[in-house]
Amino acid sequence: MGYLELDMDLGSEAKAIQKEVRKFALGEMRPVGIQLDRLSDPADVIAKDSPLWSLIRNYRKLNLHMAGIPKAFGGMAEEMDPKIGPLVAHEMGYGDAGLAISFGAGSMPFTLAAMSPEPSVQQIARDYCEDAKGELIGCWAITEPQHGSDWVNATNPKFDDPKCGSEVTAVLKGDEYIINGQKAAWVSNGTIATHAALHVNLDPSKGMQGTGLAVIPLDLPGIRKGKPLDKIGQRALNQGEIFFDEVKIPKSHMLVPEPAVMHMVMRQILTGANTGMGQTFVGLAQAAFDEALKYAKERIQGGVPIFEHQNIKLRLFEMFIKVESARALSRRVSLYNAVNEAGSVHYAIASKILSTRTAYEVASDAIAVFGGNGLAREYGVEKMFRDARASMIEDGDNSVLAIGGADDLI
Ligand SMILES: Cc1cc2nc3c(=O)[nH]c(=O)nc-3n(C[C@H](O)[C@H](O)[C@H](O)COP(=O)(O)OP(=O)(O)OC[C@H]3O[C@@H](n4cnc5c(N)ncnc54)[C@H](O)[C@@H]3O)c2cc1C
């Protein structure tokens with residue numbers, strides 16, 4: 001990766017972590033991601049002999065899975081310089097965006113568990129921090145078959161029509177909640193997760209304003225998983241349905257039992273998720289740019305490297321401008337949201353949209369620079385293009401996010 005580091009105040013620790021993660025991203029994530037992408041059956045991505053499992057174990061050796069968990073629960077949140085987060089996510093997206101998302105979503109229920117006042121729930125976070133074997137894997141279970149964008153709109157107080165109420169219900173009976181319903185095939189890590197951050201409907205009369213959030217283990221009686229989802233982009237990322245049939249969880253596992261509080265929590269989740277997406281997909285955009293630049297220096301047409309041709313020069317420079325712009329916004333938004341507790345939803349959304357759109361456009365331009373070879377699997381940029389296309393829907397379709405962002409801005 002050959003970009004000039006414009007942030008001149010990055011400390012030596014941040015640079016050392018960046019170097020270490022880059023080594024892992026390029027040396028391990030990139031080749032494993034390509035290998036998994038080429039498997040025609042998504043069930044093989046998570047088969048016993050899949051390289052996914054050793055990759056997860058090696059990722060745990062970097063200790064980054066516990067980066068968001070406070071020291072008191074075995075994590076290292078307080079030790080992390082806020083400048084490090086975007087560097088790490090960028091490198092991971094550079095290696096393989098789908099796998100980067102798997103690792104990011106994988107820590108979510110555990111990070112939330114550390115926020116619980118209940119010792120039994122906090123223990124879930126501690127177990128995760130200590131899990132060097134990669135046996136505990138999390139997921140963010142929010143989307144449902146009939147409610148995708150509805151969930152993204154849940155921060156809008158006007159979204160209170162009972163017709164829009166979500167499908168997974170949680171009803172309090174004594175000291176337990178009884179959970180019924182289904183989460184969609186889009187849940188990242190859905191078929192391999194051991195724990196979920198589970199969004200539920202607590203009060204159907206309030207539509208999307210009646211929701212809550214639980215942290216639950218996924219080996220409870222009544223829980224069933226679907227088969228791994230087959231899709232065109234981010235094929236290395238396992239996704240799949242989760243079904244709940246009269247599942248009982250202790251009351252203490254309902255982290256947010258009050259819809260009024262959930263509204264605030266949902267804003268924080270959207271801020272965090274969009275900030276992370278903004279960081280990760282600049283990495284993918286940079287990867288597509290680097291491949292195109294390298295190829296332009298090697299490919300000879302008209303007796304000269306194609307870089308000598310005016311149209312290729314102009315295209316490459318436009319790609320360069322886009323990547324640098326997306327990185328600049330993503331870094332600033334990340335830092336702001338890391339040090340300001342409330343954060344800014346609309347800046348986070350702007351960063352997500354800019355980065356994913358940039359990744360998509362730059363990967364498309366990379367295909368143009370490669371000519372016919374851009375369409376061949378061998379050269380890899382077609383995979384980057386497919387992965388980038390998925391990101392524009394991932395964690396909220398960009399146009400729905402933009403409407404929510406505009407509401408927040410106004
Ligand atoms: C790679 C990937 C990873 C994902 N990971 C996860 C995950 O970890 N966990 C999880 O739960 N989900 C995950 N998702 C699901 C994702 O959040 C949803 O796909 C997304 O929110 C869109 O929902 P939908 O697919 O149901 O589309 P729909 O909501 O059905 O939208 C279809 C179209 O209608 C438009 N539309 C819908 N409602 C409105 C509205 N109110 N106003 C204007 N336009 C509207 C949308 O813009 C879109 O073009 C993932 C998706 C992808 C692609």
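## A walk through the structure

Let's start at an opening: the second largest pocket has a volume of about 240 Å³. Keep in mind as you look around that this is a predicted model. Fifteen is the number to hold on to for the walls, since 15 residues line this pocket, and Asp7, Arg327, Ala328, Arg331 and Arg332 are the ones nearest its centre. If you want one element to follow here, take helix α10 (residues 310-339), which gives the most to the lining of the second largest pocket, with six residues.

From open space we can move to closed space. The model has four cavities of 30 Å³ or more, and the largest cavity comes to about 80 Å³. Its lining is made up of Ile56, Tyr59, Arg60, Ser102, Phe103, Gly106, Tyr128, Leu136, Ile137 and Asn189. Two elements, α3 (52-61) and α5 (97-106), give two or more residues each to that lining.

Phe103 turns up again in the next stop, the largest nonpolar core. This core holds 64 residues, and those touching the most other members are Met29, Ile69, Met92, Leu99, Phe103 and Leu213. Helix α1 (residues 12-37) gives the most to this core, with eight residues. Apart from it lies another core, of 31 residues, including Leu284, Ala285, Ala326 and Ala388.

It's worth zooming in on Leu213. Setting aside neighbours within four places in sequence, Leu213 is in contact with a run of residues that includes Ala197, Leu198, His199 and Val200. Another run on its contact list is His253, Met254, Leu255 and Val256, and Leu112, Met262, Val265 and Ile269 are on the list too.

Now for a histidine. His195 sits in strand β4 (residues 195-201). Is it buried or exposed? With a relative accessible area of 11%, His195 falls under the 20% cut-off and so counts as buried. Its side chain makes a polar contact of 2.9 Å with the side chain of Thr194. Farther along the sequence, beyond four places either way, His195 is in contact with Leu136, Ile137, Gly138 and Cys139, among others. Pro109, Phe110 and Ile124 are also among its contacts, as are Ile216, Pro217 and Leu218.

What about the cysteines? The count of disulfides comes to zero. Take Cys129: its sulfur is 18 Å from the closest cysteine sulfur, in Cys139, so the two are too far apart for a bond. Cys129 is also buried, with a relative accessible area of 7%.

A couple of backbone oddities deserve a look. Gln234 is not a glycine, yet its phi is positive, near 50°. You'll find Gln234 in the loop between β6 (223-225) and β7 (242-250), and this residue is buried, with a relative accessible area of 3%. Glu246 also has a positive phi without being a glycine, at about 55°, but its place is in strand β7.

Let's finish with helix α12 (residues 381-391). Why call this helix largely enclosed by the rest of the structure? Because eight of its 11 residues are buried. They are Val381, Glu382, Lys383, Met384, Arg386, Asp387, Ala388 and Ser391. And what do the buried residues of α12 pack against? Their partners are α1, α9 (259-298), α11 (345-370) and α13 (398-409). Two of the names here have come up before: α1 gives the most to the largest nonpolar core, and Ala388 is one of the residues in the core of 31.

Note on methods. Residues numbered from 1 in each chain as written. Predicted model: local features only at pLDDT ≥ 70, side-chain atom pairs only at ≥ 80, totals over all residues. Heavy atoms only, no water. Helix = DSSP H or I, 4+ residues; strand = E, 2+ residues; numbered from the N terminus. Buried < 20%, exposed > 50% of the residue type's maximum accessible area, 1.4 Å probe, protein only. Polar contact = N/O pair within 3.5 Å; in protein donor to acceptor, adjacent residues only side chain to side chain. Contact = heavy atoms within 4.5 Å. Core = buried A, V, L, I, M, F, W, Y, C linked by side-chain atoms within 4.5 Å. Disulfide = S-S within 2.5 Å. 1 Å grid on protein atoms, 1.4 Å probe; cavity = no way out; pocket = protein on both sides within 12 Å on 5 of 7 lines; lining within 4 Å. Points joined across faces, edges and corners; volume = space filled by probe spheres on them.
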